[in-house]
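Here is a walk through one model, strand by strand and residue by residue. Have a look at the sequence and the coordinates first, then read on.

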Amino acid sequence: WQPRWPGSPRTAKMRPLSSVVVQPDPVIPAVVRVSTSPNFPRPWVAVVGGLHGNEPCGLRAIERIRDEAERGAFPLKRGTVVLVHGNPEATRHNLRFTVGGADLNRLFDFEFESRLRREQWSYEHERAIALRPVFESVDAAIDIHSATEPTPAFVITTSIPQSPELGRAIGLRHVTRGWEDLNILSGKVFLALLTKRGKPSIAVECGQHEQAEAKQTAYKAATRFLIAQDLLEGDLVTQTEVQVLDVIRALRKPSPDFRFTHPFKGLELLTKGTEIGSDGDIAVSVSEDRYALLPNDRVPVGIDMLYLAKPVAGI
C-alpha cells in the first residue's frame, strides 16, 4: 500500500511549514500524515488514539501534534508521522464503540470477514477494513489509551525485542510485559499486526479517561516515542527507577452480580489472601502478592475485569 494523494506532489494541496508537510489522507477519514517531504519518506510511524471512543487523551495528543506541525513548531527530522483517529463515530457519542457495534481493537484478526455477512457488519467492522492498509504498512506504532478507574500511567510492551526498550524511553515508572501470553495482544488487537511483521510497537495507558494529567501524559508519550524512533528532535527523559511487571493472569467477570470488595485502583498492590470480590456465593481472592491492572467490575459477564501482575526481579 502507498499513500494516494489528489494529484502529483507538486499540485497536491499540502501545507509545507518549516519543511514539514501536513496532509489528510484523501481516501481514509481521520488519518493525517506529517512528513519532512511531500514524497512521504519512510520510516512511517503511527500515533494512534481513540480506538475506543470514550478515551480522549490520545486524540488530544494527535490534535496537538497536528497543530504544532501546522504552526511550524514540530521539529521533525526525518520520515513520516501517521496520525490515526481510530474510531471517530464512537468518539462522537463518547462511547467505547458504537451502539450495536463491536470493540474496534478486537477486530484486527479480520475473522469477521468469513464469519459475518457484509450486511451484518457494524461501523467498527468497516473501519477495521479501512485502517488495515495503514496498520499493515507502518514501521512502528504507539497506541494511546486511558482507563475507566483511576490508575498511574503505564506502558504495555509486545514480544518484539525492541519493544521493552521503547517502553523505557517513554519515561514512565511502570512497564508491563507478558500480555501475549494471555492472548491479550495476540491476533485481535491492532498492535498484533505489527508484531506479526516484526515491527516494534507499544501501547500506553495514560490514566483515567477525563483526567487532565492523562492528556499531558499522552502527548509526552507520543513525542518521546517519536524521539526514540529518531524522527523528532529532542532529548529522552531517562527513567532510572523503572518497575517491570509481568502480567500473569486475567480475571473474567464470573456472574452479573459480581462486584469488587472496594473500588480498586490500577497498580494497587493486593497482598496474599486479599479478597478481590464476590457475588454473594462465590468469592475471589489472590493467593500471592499481586498488582492489579485495569480493574473494572462493570464489564459484561465473561469479559476481563482485572489483570494480575508480579514484579520482575533484577530488571
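Proline 24 sits opposite valine 32 of β2. That pairing belongs to a ladder of four bridges between strand β1 (residues 21-24) and strand β2 (residues 31-35), and the two strands run antiparallel. Bear in mind that this is a predicted model.

The two strands form a hairpin with six residues between them. Alanine 30 is in that connecting loop, between β1 and β2, and its backbone is worth a look: phi is positive, about 65 degrees, although the residue is not a glycine. What about its exposure: is alanine 30 buried, partly exposed or exposed? It counts as partly exposed, because its relative accessibility is 33% and the partly exposed class runs between 20% and 50%.

Aspartate 230 tells a similar backbone story. It too has a positive phi of about 65 degrees without being a glycine. This aspartate lies in the loop that links α7 (212-228) to β9 (243-252), and at 34% relative accessibility aspartate 230 is partly exposed as well.

One more backbone detail is a cis peptide bond, which joins arginine 42 to proline 43 with omega at about 5 degrees. Proline 43 is in the loop between β2 and β3 (44-49).

Now for some buried residues. Here are three of them, with their relative accessible areas.

| Residue | Relative accessible area |
|---|---|
| Phenylalanine 108 | 1% |
| Aspartate 246 | 18% |
| Threonine 195 | 19% |

Phenylalanine 108 is in a loop, the one between α2 (88-92) and α3 (112-115). At 1% relative accessibility it counts as buried, since the cut-off is under 20%. Which residues does phenylalanine 108 touch, leaving aside its neighbours within four places in sequence? Its contacts are Leu51, Ala128, Phe135, Gly187, Lys188, Val189, Phe190 and Leu193. Arginine 96 is 12 residues away from phenylalanine 108 in sequence, and their C-alpha atoms are 16 Å apart in space.

Aspartate 246 is part of strand β9. Its relative accessible area of 18% makes it buried. Setting aside neighbours within four places in sequence, aspartate 246 is in contact with Arg177, Leu308, Ala309, Lys310 and Val312.

Threonine 195 belongs to helix α6 (residues 191-196). With 19% relative accessible area, threonine 195 is buried, because the class takes in values under 20%. Again leaving out neighbours within four places in sequence, threonine 195 is in contact with Thr158, Ser159, Ile160 and Glu180.

Further along the chain there is an open sheet of three strands, in the order β10-β12-β13, with antiparallel pairing. The edges are β10 (259-260) and β13 (283-285), and each of these pairs on one side only. Where β12 (residues 275-278) meets β13, three bridges join the antiparallel strands. Which residue of β13 is the bridge partner of glycine 277? The partner is valine 284. As a reminder on the chemistry, strands of a sheet pair through backbone hydrogen bonds, either parallel or antiparallel.

Stepping back to the whole chain, there are seven helices and 15 strands. The radius of gyration is 20 Å, close to the 20 Å that the globule rule gives for 315 residues, so the chain is as compact as a globular protein of that length. Along the principal axes, the C-alpha trace spans about 70 × 50 × 35 Å.

How much of the chain counts as buried? The figure is 53% of the 315 residues. On the outside, the chain exposes about 14,300 Å², with carbon and sulfur atoms supplying 49% of that area. Contacts over long stretches of sequence matter for the tally too: among those with a separation of 6 or more, 68% come from residues 24 or more positions apart.

Last, the charges. The chain has 39 positive and 38 negative side chains. The centres of the two sets lie 5 Å apart.

Terms used
Residues numbered from 1 in each chain as written. Predicted model: local features only at pLDDT ≥ 70, side-chain atom pairs only at ≥ 80, totals over all residues. Heavy atoms only, no water. Pairing = 2+ DSSP bridges. Rg over C-alpha atoms; globule rule 2.2 N^0.38 Å. Buried < 20%, exposed > 50% of the residue type's maximum accessible area, 1.4 Å probe, protein only. Contact = heavy atoms within 4.5 Å. Areas by Shrake-Rupley, 256 points an atom, 1.4 Å probe, with all protein chains shown as cover. Lys, Arg positive; Asp, Glu negative; His and termini not counted. Charge placed at Lys NZ, Arg CZ, Asp CG, Glu CD.
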